[in-house]
Amino acid sequence: MHMQMDAMAKTRSLAKLTGKLVNEAVSFVTFCVLDLIDFILCFVFKAMDLLMEAECKPCYCSPTKEAITSSGKILVSEHGGESTKIVSLSSTNKLQLEDISDTLYSRPSLVSEISRLTLNELKRLKLEEPLLQNKKNGSSATTTTTTTSTTIVEMLQGKIDNPVTRWSDCDCKFCTSWISSSSPTSNNNSKATLFVMAQGPSRDVLFIHGFISSSSFWTETLFPNFSTAARSSYRLLAVDLLGFGQSPKPSDSLYTLSEHLEMIERSVLESHKVKSFHIVAHSLGCILALALTVKHPHSVKSLTLLAPPYYPVPKGIAQATQYVMRKVAPRRVWPPMKFGASLVCWYEHITRVICLLICKNHRLWEFLTKLVTRNRVRTFLLEGFFCHTHNAAWHTLHNIICGTAGKIGSYLDIIRENVNCKVTIFHGRDDEVIPIECSYEVQKRIPRAKVRIIDNKDHITIVVGRQKAFARELEDIWGTTKN
């Protein structure tokens, strides 16, 4: 009997190892092919942009730049250090540059990995020359080095003239409703505000949705299921994030953390005169919730996080953003959720094709869904998934999920010291998008946080399908929070 159990254990171990090797081999081939397809699509979209918009729009396949920043000016080394030039950026632009994740333009493929060390050494040697020259001129300004992209520098300088909507984006009334409230020919969102669904009298609660979603994730599930007492006591504020749902989708925005926070503050806190409030956030929205709590420590009464994407970066890891990108998108074909995440995170042009086919034609897909299901399935999740632009999704994913890798730990430490803020975390046990370990890592940084693992629920069904129970849980959290 003992020998049989031993043999079964060895068989399982061998099967697991074989499966892992097969997954890695198939993944290697698959992603090499996808690398090539994305490379080809880069030229296809440049040609299409030229045809449809009379101009080739830059992408993140453009050459990267090693930039030495000092006193508002950037000394830029291009093409491995072969040439240098000085560009000027305002203080605001410099702050934006710090918010931009290097994963936007640095996603190593097989070829780039082989040549990376050589190119870095060449850049280092070439960049030493302007630094020595700077010292000879007696400059005492503090100098920092960063790597960025041609596209980013030109966008910050305002050199790229983007149309309000691109030819590959949907131009229906729902997706462009924000344009009618501002200048129809301008990308300037300095006065535009986010779409906010508000219900109730006072005692504010802010709901922040996750990636490629919208406020309907809350309004179609939780809002109808709150008790009469809760609806008469709380003002429920569900926001469409910048670039999603019915909110503005400026094509010249980099969708950084600062931009997202500024729009939430302007559209919710200022417009609705919110002084103190509770926050409920899902997935990517948890990062914005943490940043908002740190920025307004005396205003946030409770923080409820659903599947927070927190991946602590081990000591000694130089590039936190790259580490998190590989945790979120490991370039594997199995499990399917990881394959989908890898596809979305690694391929700028393949994802633009997906947006062209799905988002631009969302009305057709919604009609077909209703036709096939005979209106028996509510399509609010599909509507939230469809109504965004490629520019918004691409930049938000990289600048928020990956770009904040080095910040979230400090946010959690600050919130840990703010004992007046109640922290509760929910996570579905079957969540294949964000692993349960992320929630426990948050609890390690904030020991008073309560973690609730919900059996048989995943990334979406943590709310959808159990909205009545979750509504009661939220009411209990708010009701027991100290004012």
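Which helix does histidine 398 lie in? In this predicted model, histidine 398 is part of helix α15, which spans residues 390-402.

## Around histidine 398

Histidine 398 is tucked away: its relative accessible area is 0%, so it counts as buried. Setting aside neighbours within four places in sequence, its contacts are Ser101, Thr103, Leu104, Arg107, Met325, Cys345 and Gly403.

Two of these partners deserve a closer look. The side chain of threonine 103 makes a polar contact with the side chain of histidine 398, at 2.8 Å. Leucine 104 sits 294 residues away from histidine 398 along the chain, yet their C-alpha atoms are 6.1 Å apart.

## Aromatic pairs

Searching the whole structure turns up 15 aromatic pairs. Take phenylalanine 207 and phenylalanine 223: their ring centres are 5.3 Å apart and their planes meet at 65 degrees, so this pair is edge-to-face. Phenylalanine 207 belongs to strand β6 (residues 204-208), while phenylalanine 223 is in the loop between α6 (216-219) and α7 (228-233), so the pair ties together parts 16 residues apart in sequence. Both of these phenylalanines, 207 and 223, are buried.

Phenylalanine 217 and tryptophan 218 also pair edge-to-face, with 5.0 Å from centre to centre and 80 degrees between the planes. Phenylalanine 217 has 3% relative accessibility and counts as buried; tryptophan 218, at 0%, is buried too.

Zooming out, ring pairs join Phe207, Phe217, Trp218, Phe223, Phe226, Tyr234 and Trp478 into a cluster.

## A charge over a ring

Tryptophan 346 has a charged visitor: the charged end of arginine 331 sits over its ring, 4.7 Å from the centre.

Key: Residues numbered from 1 in each chain as written. Predicted model: local features only at pLDDT ≥ 70, side-chain atom pairs only at ≥ 80, totals over all residues. Heavy atoms only, no water. Phe/Tyr/Trp six-rings, centres within 6.5 Å; stacked < 30°, edge-to-face > 60°. Helix = DSSP H or I, 4+ residues; strand = E, 2+ residues; numbered from the N terminus. Buried < 20%, exposed > 50% of the residue type's maximum accessible area, 1.4 Å probe, protein only. Lys NZ or Arg CZ within 6 Å of the ring centre and 35° of its normal. Contact = heavy atoms within 4.5 Å. Polar contact = N/O pair within 3.5 Å; in protein donor to acceptor, adjacent residues only side chain to side chain.
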